[in-house]
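Hello,

Here is the structure we talked about, with the sequence alongside. My notes on it follow below.

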Amino acid sequence: MPSLTYQPLSAVQCLDVLRSAHVTRAAFTDGTRPYIVPMAFQLEAEGTTPLIYLCMPDHGRKVEYLCHCDKVCLEFESPACAWVDVVLLEGPAILDAWEKEKGLLLHVRGEEVSGRRFFLPE
């Protein structure tokens, strides 16, 4: 089986991936079990620090897990013909009240952001 090769992405390239992605995979934990779910998001950036906004219901597994651990990890992908750019963003998640009927707004400040370009085997 051919191996994948990769190269690290710069901070600017990581922000480009965040701008081009439409969905993120959000990883939560309760300290013993992981929970990963795809979520739509909105991006803002303060310089090179990304700030991600996620909307979610005000109850359920994500909220329960956030009560145990406020750190989350988000994964973003941007595929091309010969490679896939992948960015991981880790940071604290802060829950804000939102419109009561719609749920909660979760924002995550990207304290740790790293990315790699994986070249697909021929």
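In these notes, contact means heavy atoms within 4.5 Å. Please keep in mind that this is a predicted model.

I began with Thr 24, which sits in strand E2 (residues 23-29). Thr 24 is buried, its relative accessible area being 0%. Leaving out residues up to four places away in sequence, Thr 24 touches Val 37, Pro 38, Met 39, Phe 41, Leu 54, Leu 74, Glu 75 and Phe 76. With Glu 75 there is also a polar link: the Thr 24 side chain comes to 2.9 Å from the backbone oxygen of Glu 75.

Phe 76 has its own list of partners. Not counting neighbours within four places in sequence, these include Val 17, Leu 18, Ala 21, Val 23, Thr 24, Phe 41 and Ile 52, as well as Asp 85, Val 86, Val 87 and Leu 89.

Phe 76 also belongs to the largest nonpolar core, which has 27 residues; Phe 28, Leu 74, Phe 76 and Leu 106 have the most contacts inside it. Among the elements that give two or more residues to this core are H1, E2, strand E3 (34-40), helix H2 (61-68) and strand E6 (71-79). H1 gives the most, with four residues.

That leaves helix H1 (residues 11-20), whose buried residues are Cys 14, Leu 15, Val 17 and Leu 18. Viewed down the axis of H1, these fall within an arc of 155°, so they line one face of the helix. Val 12 and Arg 19 are exposed, on the face of H1 turned away from the buried side.

Regards

Note on methods: Residues are numbered from 1 along each chain as its sequence is written. This is a predicted model: local features need pLDDT of at least 70, side-chain atom pairs count only at pLDDT 80 or more; totals for chains, interfaces and linings use all residues. Side-chain values use heavy atoms; hydrogens and water are left out. Buried means under 20% relative accessible area, exposed over 50%, partly exposed in between (1.4 Å probe, protein chains only). The arc is that of the directions from the helix axis to the C-beta atoms. A polar contact is a pair of N or O atoms within 3.5 Å; within protein, one must be able to donate a hydrogen and the other to accept it, and residues adjacent in sequence count only if both atoms are side-chain atoms. A nonpolar core is a set of buried Ala, Val, Leu, Ile, Met, Phe, Trp, Tyr and Cys residues joined through side-chain atoms within 4.5 Å.
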